[in-house]
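Subject: Handing over a structure

Hello,

Here is the structure I promised to pass on to you. Please have it open while you read, as my notes follow just below.

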Amino acid sequence: MSKSWKPSLLVLLAAVLLSTTRLSLAQSSYDEPWRPQFHFTPAKNFMNDPNGLVYYKGEYHLFYQHNPQGNVWGHMSWGHAVSTDMVHWRHLPLAIAEEEGKFMIYSGSAVVDWRNSSGLCEGRDKEDRSCLIAIYTAAGKDLQTQHLAYSNDRGRTWTNYLGNPIVDLKEPDFRDPKIFWYAPEKKWVMVAVLADERKLMIFDSPNLKDWKLLSSFGPAGDSAGQWECPDLFELPVEGTKEKKWVLIVNRNPGAPAGGTGTKYFVGWFDGLQFKNEKPASQELWADYGKDFYATNTFADLRAGDGRKIWMGWISNWQYANVEPTVQWRGAQSIPRTLGLRRFPDGIRLIQQPVREMKTLRGKEFHLENVSVAEANRRIKEAGIPGDTVEIQAELMPENSDEMGFRVRKGGAQETLVGISRRQKSVFIDRNKAGELSYSKEAGGRHSGQVQQASRVKLQIFVDRSSVEIFANDGEVTLTDRIYPLEHSVGIEVYSLNGNGKIKSLSIWKLDSMWK
Ligand code: FRU
């Protein structure tokens, strides 16, 4: 007995040790200095675009472009995570894997087939006959076609449709299908791009399997680069009964901050074609930072929700493969609620963080009507570690040239988030943000125009390796990745060449979504 007892105890001990090391490894990896705490990241390996965002039976699904084998782009497959609030995510096993040697699984979308129009739903749930349908690009060496996969177990396992491809234009660059239900004609609509021709192709279908080409749109003044990840949806104009259609085209390269970015057109869609209301020469961009790309909107949000919400990948193809994280690479933005607002020079897309983000807030630090010096004295006294915080402020630059915050500050390291009074703009300056050697594009000051700069509201989310700002309740957004030292956690207010005033300031420490 004692003979067999000794080894088994040893085995037991070893097993306990191993599992605790594994656990602490997993935990410490989520606690890495550059691991975002409230932005989704893959547990390991490379991630780019969000794909197939859909809400179904109590869960938000986030699929994403994923290399399950390494930390640079390749072997593209759909990774998968679920959430009950779009804030706390839980990793699930790979959803759709590449067919090695044949094709990779590129970007696409997912919908709930509520009425089993596809005939692929097995009606496993008593309450209805619905199932999840994903439509993605099968990217071969010389050909890109659209494929369908379906899931009858709430997205846990996926079966590729035997009739694939469902759309084949015999083109090498035909990709990124986004599907939606067009209620006025009770039909499905697909938008996808001919990337190199900068052309949007619009199709319709009664059953998600048979698609008919209706029309095309583009290149709308773009003479170089690619169009990727399109989207098309209707939004109300804030404060009115009016609605407009918005066409999203992710553009590679050519964005205002250089490299990749998200462009949009405002107009109308009549079930057949999209018409841009503005002259093609008028370029509209969804984000003025360097790192917001390949957006995807959620399908089938809970009945009565009424919001249109999207996420974007917070990176840039200029350096996506070399950002200085090791075990994992790539992050998704905070989910953002979309709207339209009328400004003197036209209707613009506005974005705000989803209200669910408030659940991460700790105690509020609050000040009103204070000078820069007074605010800094009080912030210092409060000692809020600024590695994962939300800052909301209303700033009045007064006679100063520039006013804003120094975040992730430590020694000479700092990222500036501010308002330029002269240029009437809001900006992120990451020239002294920290690690910059991974790319010549890693620094830079990125800015977006605001209507007026004398009194500006800033909502700033600082995570371990990103800064995301929403100015004037979504008038302008900017997103940048930053790689500061772990201990650079200072927050300061500044105003340059003059005395700016702080109308109000709130700071919340944000909790980690991984807890
Ligand atoms: C956008 C993109 C898509 C493509 C995917 C491949 O970032 O290039 O056009 O489907 O990434 O990973």
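Let's begin at the ligand, where a backbone N or O atom of S107 lies 3.1 Å from one of the ligand's oxygen atoms. Please keep in mind throughout that this is a predicted model. Two side chains also make polar contacts there: a polar side-chain atom of N48 is 3.1 Å from an oxygen atom of the ligand, and for E228 the distance from a polar side-chain atom to a ligand oxygen is 2.8 Å. How much of the ligand's accessible area does the protein cover? On its own the ligand has 320 Å² of accessible area, and the protein covers 96% of that.

If you would like to display the surroundings of the ligand, select N48, D49, Q65, W73, M76, Y106, S107, R175, D176, E228, Y293 and W317. By type, this shell splits into 5 nonpolar, 3 polar and 4 charged residues. Which strands each supply at least two residues of the shell? They are strand 1 (45-56), strand 5 (104-113) and strand 9 (174-182).

Strand 9 is a good place to move on from, as it also belongs to an open sheet of 4 strands, paired antiparallel in the order 9-10-11-12. Its edges are formed by strand 9 and strand 12, each of which pairs on one side only. On average, neighbouring strands in this sheet are turned by 25° against each other, if direction is ignored. Between strand 9 and strand 10 (residues 187-194), which run antiparallel, there are 7 bridges. To see how the two strands line up, look for I179, which stands opposite M190 in strand 10.

Further along the chain you will find an open sheet of 6 strands, again with antiparallel pairing, in the order 23-33-24-29-30-31. Here the edge strands, each pairing on one side only, are strand 23 (361-371) and strand 31 (476-481). Neighbouring strands of this sheet are turned by 15° against each other on average, with direction ignored. Inside the sheet, strand 29 (residues 456-463) pairs with strand 30 (residues 466-471) in the antiparallel sense, over 6 bridges. I460 has I469 of strand 30 as its bridge partner. What packs on this sheet? Helix 2 (residues 372-382) does, touching strand 23 and strand 33 (501-510), and the direction of helix 2 makes about 155° with that of strand 23.

Finally, a few points about the backbone. As a rule, most residues other than glycine have a negative phi, and most peptide bonds are trans. Where are the cis peptide bonds I noted? One joins G218 and P219, with omega about 5°, and another joins N252 and P253, with omega about -10°. P219 sits in the loop between strand 12 (212-217) and strand 13 (226-236), so when you trace the chain beyond the 9-10-11-12 sheet you can look for it there. P253, in turn, lies in the loop between strand 14 (243-252) and strand 15 (261-269).

H75 is one to look at as well: although not a glycine, H75 has a positive phi of about 50°. You will find H75 in the loop between strand 2 (59-67) and strand 3 (77-83).

Happy exploring, and best wishes!

Methods. Residues are numbered from 1 along each chain as its sequence is written. This is a predicted model: local features need pLDDT of at least 70, side-chain atom pairs count only at pLDDT 80 or more; totals for chains, interfaces and linings use all residues. Side-chain values use heavy atoms; hydrogens and water are left out. A residue is near a molecule or strand if one of its heavy atoms lies within 4 Å of it. A polar contact is a pair of N or O atoms within 3.5 Å; within protein, one must be able to donate a hydrogen and the other to accept it, and residues adjacent in sequence count only if both atoms are side-chain atoms. Accessible areas come from the Shrake-Rupley method with a 1.4 Å probe; for residues, only the protein chains shown count as cover. Ala, Val, Leu, Ile, Met, Phe, Trp, Tyr, Cys and Pro count as nonpolar, Asp, Glu, Lys and Arg as charged, and the others, Gly among them, as polar. Two strands pair if DSSP finds at least two bridges between them. Axes are lines fitted to C-alpha atoms, for helices over the stretch in contact, and angles run from 0 to 180 degrees between N-to-C directions. Contact means heavy atoms within 4.5 Å.
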